[in-house]
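Subject: Structure handover

Hi there,

Here is the structure I promised to pass on to you. Please have a look at it first, and then read my notes underneath.

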Amino acid sequence: MKKKTMNKIVAPALALGLLVPLNAQAADHAPTASTPAGDLRATLDQLLSEHYVLAVTSMMKAYDGAPDAEVAMKALDQNALDMTPAIASIYGDEGAAQFEEIFAGHNDYSADFVEAAKSEDKELRADAEAEVDEFVEEFSTFLDAATEGNLPKDAAADVLELHEDQVLSVFDNYVAGDYESAYMTYREGYKLMFDISKALSGAIVTQMPDKFETAADTPAVELRSTLNSLAGEHFALAAIGMQKGYDQAEDFDYVSWAEDQNTLDFKAAIGSVYGDEGAAQFEKVWNGNHITAQGDIVAATLEGDEAKIEEARMKLDQFAVDFSTFLDAATEGNLPQEAGQEAIKQHEALVLQTFDQYVAGDADAAWMSFREGYAFMFGVGETLGNAIVTQMPDKFAETTMPEEMPETGLGGAQEPSMNTLYAGLAVLGGILLAFVTLRNRKVSEQ
């Protein structure tokens, strides 16, 4: 049963990778992000970052007493179970069972923190904090032993403790009504999960070089992981933002701020590559039929105006055509228009499906769609990454990172090179800005 769930959630991401025929995969010697090590890192990218998103979101919903709070917590628990097949493929069933017992168990502390906040029970809070410390000790010991010291216990403990502190910081600031601090920390904590993924995948590849052959941090894989991070964060903020808009939640504007910050990472790179004229062309396409469309859908849903909802959906369809044409040109045909259009439309459909099911009160379906839509975004890293690598293979043939990195403000892992990063993120900027669900601010005023 667990394996079935894993296949259901991961399959959409893998399917996106099949949409585009990539020349880089035709020659064995050509650089590619699609390696066993790259796949391992991408799987960990997805599952670990989703854990963070679901942990923070489910705690907020439980504190608010939201109707879908219990279902969101179940999604968090299922995320932990979905990690088991990945771990079993590396360390066998016994190692996977041990991992599952430790990792899945620590999700139980979330309810204690929520209850302690609601009842202002300092003793319960202290007990929950002690349980977190116990988890950090136990899990860091497991990781050290499992990787045969390639991920040392002290290093693992430090990053696990930071992760737990960030989850609690987001929650505590949310409870206090300090939404600015909450969402600033949310973004920091999200990025940390990709650092953890890099460290863990690197340790496993070092431990088993014959199984993976190439490193988990080649320039092409680094690009793929960067795209994974930005794409996944976009979807999470877009879907949650639409829920917050519909609920007219107090923190709606701050979710919107976080989403805007996610897009700024792309906009700066666009100007760095194409100059003012290229950035202006990009902005025209980006703004054309998309910038307010999903916000319009939220507002129209609150008004019960079906005609406006349909009008906004048609804008999204046209945008998929316009922007996929842009992507085809930007990647010199390595991301063909037809495939790009299909991917953009499928992404938008999953965002809207999640929202529609949430509005209908079908929490089980909404959170299943959320997980499917989140997983889908991890095909962007592989597909778009390989399109860029195919477009400029010489830039990704290097085996070491350059000493100087561009100032992009993205944080996280090092990037392959200045030109490749700019070109890669500029193209990514295209596809993800196409996906950006900028809201109609009128929603928060209703």
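Below is what I found, from the overall picture down to single residues.

Please keep in mind that this is a predicted model.

**The chain as a whole**

The chain contains 16 helices and zero strands. Of its 446 residues, 55% are buried. Its accessible surface is about 18,300 Å², and carbon and sulfur atoms account for 50% of that. If you take the contacts between residues at least 6 apart in sequence, 78% of them join residues at least 24 apart.

**Salt bridges**

The structure has 15 salt bridges, and a few are worth a visit.

You could start in helix H3, which covers residues 69-105. Here the side chains of glutamate 70 and lysine 74 form a salt bridge, with 3.8 Å from N to O. The two lie about one helical turn from each other, because they are four residues apart in helix H3. Glutamate 70 is exposed, with a relative accessibility of 57%, while lysine 74 is partly exposed at 48%.

Next, look at aspartate 172 and arginine 125, a salt bridge whose closest N and O atoms are 2.9 Å apart. This pair links distant parts of the chain: aspartate 172 belongs to helix H6 and arginine 125 to helix H5 (residues 122-146), 47 residues apart. Aspartate 172 is partly exposed, at 30% relative accessible area, and arginine 125 is also partly exposed, at 21%.

A third salt bridge joins lysine 198 and glutamate 222, with 3.0 Å between the closest N and O atoms. Lysine 198 sits in helix H7 (residues 179-207) and glutamate 222 in helix H9 (residues 219-247), so this pair ties together parts that are 24 residues apart in sequence. Is glutamate 222 buried or exposed? With a relative accessible area of 1%, glutamate 222 is buried, because buried means under 20%. Its partner lysine 198 is partly exposed, at 25%. There is also a network in which salt bridges with shared partners join Asp39, Arg224 and Glu382.

**A negative patch on the surface**

Which residues gather in a patch of negative charge on the surface? They are Asp133, Asp154, Asp158, Glu161 and Asp165. Helix H6, which runs over residues 153-176, gives the most to this patch, with four residues. Aspartate 165 is found in helix H6, and its relative accessibility of 44% makes it partly exposed.

**Two more residues to look at**

Proline 209 has its place in helix H8 (residues 209-212) and is partly exposed, at 47% relative accessibility. Between proline 209 and alanine 37 there are 9.5 Å in space, C-alpha to C-alpha, although they are 172 residues apart in sequence.

Aspartate 328 lies in helix H12, residues 306-330. With 24% relative accessible area, aspartate 328 is partly exposed. Beyond its neighbours within four places in sequence, aspartate 328 is in contact with Gly333, Leu335, Pro336 and Gln337. Glutamine 341 is 13 residues from aspartate 328 along the chain, and their C-alpha atoms are separated by 9.8 Å.

Enjoy exploring, and write back whenever you like.

Best wishes

Key
Residues are numbered from 1 along each chain as its sequence is written. This is a predicted model: local features need pLDDT of at least 70, side-chain atom pairs count only at pLDDT 80 or more; totals for chains, interfaces and linings use all residues. Side-chain values use heavy atoms; hydrogens and water are left out. Patches are made of residues with over 30% relative accessible area and no salt bridge: like charges are joined within 9 Å, nonpolar side chains (Val, Leu, Ile, Met, Phe, Trp, Tyr) within 5 Å. Accessible areas come from the Shrake-Rupley method with a 1.4 Å probe; for residues, only the protein chains shown count as cover. A salt bridge is a side-chain nitrogen of Lys or Arg within 4 Å of a carboxyl oxygen of Asp or Glu. Lys and Arg count as positive and Asp and Glu as negative; His and the chain ends are not counted. The place of a charge is taken as NZ of Lys, CZ of Arg, CG of Asp or CD of Glu. Buried means under 20% relative accessible area, exposed over 50%, partly exposed in between (1.4 Å probe, protein chains only). Contact means heavy atoms within 4.5 Å.
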